[in-house]
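Student: Please take a close look at the salt bridges in this model. I want to know where the partners sit and how much cover they have.

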Amino acid sequence: KRKRASNSNSIKYDRDSPNSLYWNEAIHPETNAADLYLNNKKSNESLIKKGFGFALTHQTDGILRGQGALISLGTNQLILKNNLPASFFSFEKGSSKQRYPSSLMGSIALIRQCLYDAQWYTNNNFERNLSLEALNKQISGVLYLKTRDKLDILRAEKIAKEFNLNFNYIGSGNEYESINEIKKIKSTIVVPINFPKPYDVKNPYISRQIPLSDLKHWEMAPQNPAILSKNGVKIAITSKDIKESKVFWANIRKTIDHGMSIEKILKALTISPSISMGLEKEIGSLEPDKIASFIIYNSDPFKEETT
């Protein structure tokens, strides 16, 4: 294997794994979150307090991250549809100790190379590769790609067109900055509402150091869901990076104050996520033959703090 001389700063190029897996450690579509899921009662209760009955979770590491797992939070049961609820991509290398990729350009190139390898493997699988087998099963199903910026969506769309894929996107919260391009996309964007906190500008010397772009994002971030919705973009809402239910619901109400209707908010929390997962016949609304999930509040949580 091609390695630099052994020392604390050694650079690693090849994967320490059986030949049956893909050569790059950041590519592991064979990972199945259902096999790794451990019951975390505290985390489940936190999501339930925010109003969620189900959670789609996955191994948040690497570029091709494998299958997710859909959890019924109230019963802590896995819900599987043909054992393949969704698969996850990103441009982030993650914990891989290999040198490559070392840039966003490298991550994009590696995704494309892996997809071409999977196409080749379809007709030339004389040597078994579990990673490419798993990827070929996943690419015709539900796919989510995690983004760090609105431009990641536009980059990923080029890959999607090249390989005839349909990505849904886990957004970064600044999609409003490229709304003219993003509104042309037919996918669902999972929108975070962990809005930036107000800056302390009491000290004039410190206030001058805050970039105008950061101040503008603080102003515009609560409008992001409404701007996307008004431009016909399908959205779902995630509570990612919000620990307290009180903060989550405060941000929901802030979104409403900034132009999002309660009806659209409710849709983005319920039926829209289930449609993006292809599970609208199982979850997302209270109807006969669906999995029942509902939460009762002592007043309207979209209008005031409640229990």
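Tutor: Start with burial: 43% of the protein's 307 residues count as buried (under 20% relative accessible area; exposed is over 50%, partly exposed lies in between, with a 1.4 Å probe and protein chains only). The model is predicted, so local features need pLDDT of at least 70, side-chain atom pairs need 80 or more, and totals for chains, interfaces and linings use all residues. Numbering runs from 1 along each chain as its sequence is written, and side-chain values use heavy atoms, without hydrogens or water.

First, the setting. The protein has 12 helices and nine strands (DSSP runs numbered from the N terminus: H or I of at least four residues, E of at least two). Its C-alpha trace spans about 60 × 60 × 40 Å along the principal axes. The radius of gyration, taken over C-alpha atoms, is 21 Å; this agrees with the value near 19 Å for a compact globule of 307 residues (2.2 Å times the number of residues to the power 0.38). Take contacts (heavy atoms within 4.5 Å) between residues at least 6 apart in sequence: 64% of them join residues at least 24 apart.

Now the charges. The protein carries 43 positive side chains and 32 negative ones (Lys and Arg against Asp and Glu; His and chain ends are not counted). The centres of the two sets lie 3 Å apart, with each charge placed at NZ of Lys, CZ of Arg, CG of Asp or CD of Glu.

A search of the whole structure finds 10 salt bridges (a side-chain nitrogen of Lys or Arg within 4 Å of a carboxyl oxygen of Asp or Glu). Three pairs deserve a look.

Take Glu 177 and Lys 150. Their side chains meet in a salt bridge at 2.7 Å, N to O. This pair links distant parts of the chain, 27 residues apart. Glu 177 sits in the loop between strand S7 (167–170) and helix H6 (179–182), while Lys 150 belongs to helix H5 (residues 150–163). Cover is uneven here. Lys 150 counts as buried because its relative accessibility is 13%. Glu 177, at 43%, counts as partly exposed.

Stay in helix H5 for the next pair. Asp 152 and Arg 155 form a salt bridge, again 2.7 Å from N to O. Both lie in this helix, three residues apart, or about one turn. What is the cover on Asp 152, buried or exposed? Asp 152 is buried, with a relative accessible area of 3%. Arg 155 has 28%, so this residue is partly exposed.

Move on to helix H8 (residues 212–220). Glu 219 and Lys 216 are three residues apart in this helix, so about one helical turn separates them. The closest N and O atoms of their salt bridge are 3.1 Å apart. Glu 219 is partly exposed at 37% relative accessibility. Lys 216 is partly exposed too, at 44%. Elsewhere, shared partners matter: Arg 65, Glu 92 and Lys 146 are joined into one network by their salt bridges.

Last, the surface as a whole. The protein exposes about 17400 Å² (Shrake-Rupley method, 1.4 Å probe). Carbon and sulfur atoms supply 50% of that area.
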